[in-house]
Every structure is written in C-alpha cells, then in structure tokens.
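Student: I'd like a close look at one part of this protein, down to the individual residues. Could you walk me through it?

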Amino acid sequence: MYEYAILGGGIAGLSFASFIDGSSIVLESQDRVGGLSRSYALNGIDYDIGPHVIFSKNREILDLHTSMIKTNKIRRSNQIVLKGRYIKYPFENDLSSLDPLDRDCCLREFLHNPYDRYVSTNMLQFFLGTFGEGITRLYLQPYNEKIWKFDPSCMDKQMVDRIPKPPREDVIASANGIASEGYTHQLYYHYPASGGFQTLVDSYKARAEAKGQTVCTDAQVCALEKSAAGWKIKTRTEEFFAKKIVSTIPMQELLKMLQPPDDIIRTLDRLLYNSIYIVVVQVRRDKIGNHFGLYIPDEDVIFHRLSKLNHLGEQYCMPDGGSTLMAEVTFRPDSYLSTVSKNTIVEQVITGMVKAGFIDRSDITDVAIRHENYAYVIYDLDHRKNVDKILSYLESVDIMSVGRFAEFEYLNTDAVAERTLALAHKLKQRP
C-alpha cells in the first residue's frame, strides 16, 4: 500500500514524487519517462518535442532546475519573420525593421486606437485594444490563428491577460529605429548543456528514486477502483494499491478509467486541444543567422515556429558543421490536417523553409518527424467553465490533478514544477 499512486511520468509526476513525503509509485505508460518533455536524437543531436527552456519568475524553481543539471545560460535571440524581414521579438519593440508602410500603419493605429476604450472579452479584442489594428492584423492575429488553429475571437483571455500594454514612448522609439528589448525578465534562459530537456526529466527521476520513491515504465493503467481503504490501480500486468491518487495525465485518458456521469462525459467532449508534428531538418548550411526561434505568421508556410538548435550550445552543433532546424506544426486531432500523411507534412515543411529563404533544398542531409497527440490546450470561450466542472468531479471522487493536461491549462515546465511543489506542501500540512 503506497501513500500516493502518481499517474504519469512526465515533469509533473516526477517532480511531485521528488517533493512529496510518504511513499509513492509513479506509473508511466511509455517505455521511458518524460511525457511532453522527452528528448530524441537525430545523428547525435538531441531535440525536444518543441523547444523547451529553463526559465521561471519563481526564483526557487529556477535555482532548483539550474542546480539539478549542468546548463548553458543563453541570451534570447528570437525573431518574427514577416514579408522577408526579420523583426526582433517582441514585435512592438522593433517596428523600424518593418516595411515603411507597415511601420507607419502599426505606429499610427497604436497611437490612435479606437479599440482601447472597450473592455475586451476575448483574445482578438484584447489584441486590438492593447496593440491597435496594425500590429494585430499584421502579426498577432495571423500568428495566433496559425498556432491555435482556432479563431482568436472565440478564445478567452487567459493566455494573454498577463501581457502588458507597451508604453507609448517605447513604441514610438521602436518605429524611429531605437529598438528596446521588451520582456527583459525573459532576456536570458538556461538549457541543459547536453542531452536535451530529457536531462532535467531524468534528474527528477533520480531525485525521486533517491528519496525512496518507485518509478515504473511500461505501466499502462487500465482501471481504477476505489474502496474504503483507498485505490486499486490495475495495469496490463500488475495491480497496485494506494491511499491517494495524483493524476498528471490528460483528463481524456484519466476519465476512460472511471465511470463518470453522462454530463461529465459531454463536458469532456467540449474540451479543445491541439496535437503537434515536430519536423527536424538537418542541413549543411542555413540562412537564418545566429538566432534560436523564428515565428512565422505567413499562412502559406505550414509551420508556425522554427528553432535552430545550434543556438543552445556546442553539444547541439554537428561536428562537421551544418544546422539542425526544428519546425512545429499544430493541428486539432479531428481536423483535416490530422488526415494528411507524415510524408506530406515533411514535404510541406521543407517547401516552407525553402520558400521563406531559410535553406536550400540541396543542402538537406537528414529529416525526422514525430507526433504528439496532446500538445497545446485551447482556451476557447467555455474553457474555464468546462475545465472547472471536470476538476470538481475528480475532486469529488478523491483524485488530485496537477500538470498541463491534468489541469487542462497551458503550463510551461517551470509552472508545472511550481504547482507540484505547492501541492506537496499543501499535503504535508494536512493532518
């Protein structure tokens, strides 16, 4: 009888196991831990499912993560690529890099903004009220439509409410060629010196095991049965017993193991999320320059972001030169794009890279593609209401939820660790 059965061996499950007092067992369905934070390799170059970085406003979490593993401290170099021009991120801090007509439009619509008098109720209205029509229509709207595959007028503001309105003087200066950094608290980040983000995952696993916790892989949970003594957890080959369950797996997968009421099933069906394809392309040379992340609002290019892994440190550079580029393509699981073959996705990514002027096709040396079903939570207008209803149900049957898809919130790894630490502290304080 364990004190806690932890469903899922990603950052959420492993960090909670390393923080909590009392015996616990982590049950991971895959053959290795990691979840969305797993890393893979192509010709010796490690890459993640999307570009993870180590960063946090929470000093305790940042200090913990940078002390657990060896990291490189890296200065942010992200660019928005628009009409063949590179605009330093964030967009409003480098308006002078735009075409002069676009620059003047963005500045004037920001300074004389008829939308800022209204209280916004959705993401699109927030962008219009905060940045004006020029910046919104040119960059923010098309980019967000592309990443979310959902109209921002039908999304709530949970993702954007924390974005500050830029000072007028800063936007005017940026249009006059005086670029400022913007989001200076994010100017530097850390990344594992080698091994990809998996290194941090593995360190959490070792930390949990050193504390006496049990971590099981290839442990697909098939059923959960509650009794007065606690829970019986059935996998394909074994049974485990625990007093309490902490779920870090997607709500959709957890509820398959329970017998929820019909209204909970209907509510679950209303939750929206995106899957993702990660396409890694290795080339002898590229035309990107010394940048890490490129944001691509162009609707004719299938990927929304391209990352150059060379920027992460010498262990992410091929020994014979060249570059490793990682493209991200999001799609809803039931959408048309979900029916397109992986070969077609790869070809469209390469075509987009060539079209945007990032590479020449003749320089490609190798390609890999990976698919992840649960990638991004979509904050549609009913998100909060629906998620709270399901979380209340899970709480009523004595299941605690923590993590991106367990809570159905767009949480980065630092926020996940922050929440698992808070949950561990809360449980320690209970009588």
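Which residue in β15 is the bridge partner of Gly-293?

Tutor: Keep in mind that this is a predicted model. The residue you're after is Ser-307, which partners Gly-293 from its place in β15. That pair belongs to a bigger pattern: β14, covering residues 293–295, runs antiparallel to β15, and three bridges join the two. On to the next neighbour. Strand β16 (residues 323–331) is also antiparallel to β15, this time with four bridges. Here Leu-306 is a handy residue to click on, since its bridge partner in β16 is Ala-327.

Now look at the faces of β15, which spans residues 305–308. Arg-305 and Ser-307 sit on one side, Leu-306 and Lys-308 on the other, and all four are buried, so both faces are covered.

While you're hunting for buried charged side chains, try Arg-38 as well. You'll find Arg-38 in the loop between β2 (24–27) and β3 (39–42). Its relative accessible area is 10%, so Arg-38 counts as buried, the cut-off being under 20%. The Arg-38 side chain makes a polar contact with the side chain of Glu-372, at 3.2 Å. Beyond its neighbours within four places in sequence, Arg-38 also has contacts that include Tyr-47, Asp-48 and Gln-198.

One last buried loop residue is Phe-408, between α11 (404–407) and α12 (413–429). Phe-408 has a relative accessible area of 0%, and its phi is positive, about 55 degrees, even though it isn't a glycine.

Technical notes
Residues are numbered from 1 along each chain as its sequence is written. This is a predicted model: local features need pLDDT of at least 70, side-chain atom pairs count only at pLDDT 80 or more; totals for chains, interfaces and linings use all residues. Side-chain values use heavy atoms; hydrogens and water are left out. Buried means under 20% relative accessible area, exposed over 50%, partly exposed in between (1.4 Å probe, protein chains only). A polar contact is a pair of N or O atoms within 3.5 Å; within protein, one must be able to donate a hydrogen and the other to accept it, and residues adjacent in sequence count only if both atoms are side-chain atoms. Contact means heavy atoms within 4.5 Å. Two strands pair if DSSP finds at least two bridges between them.
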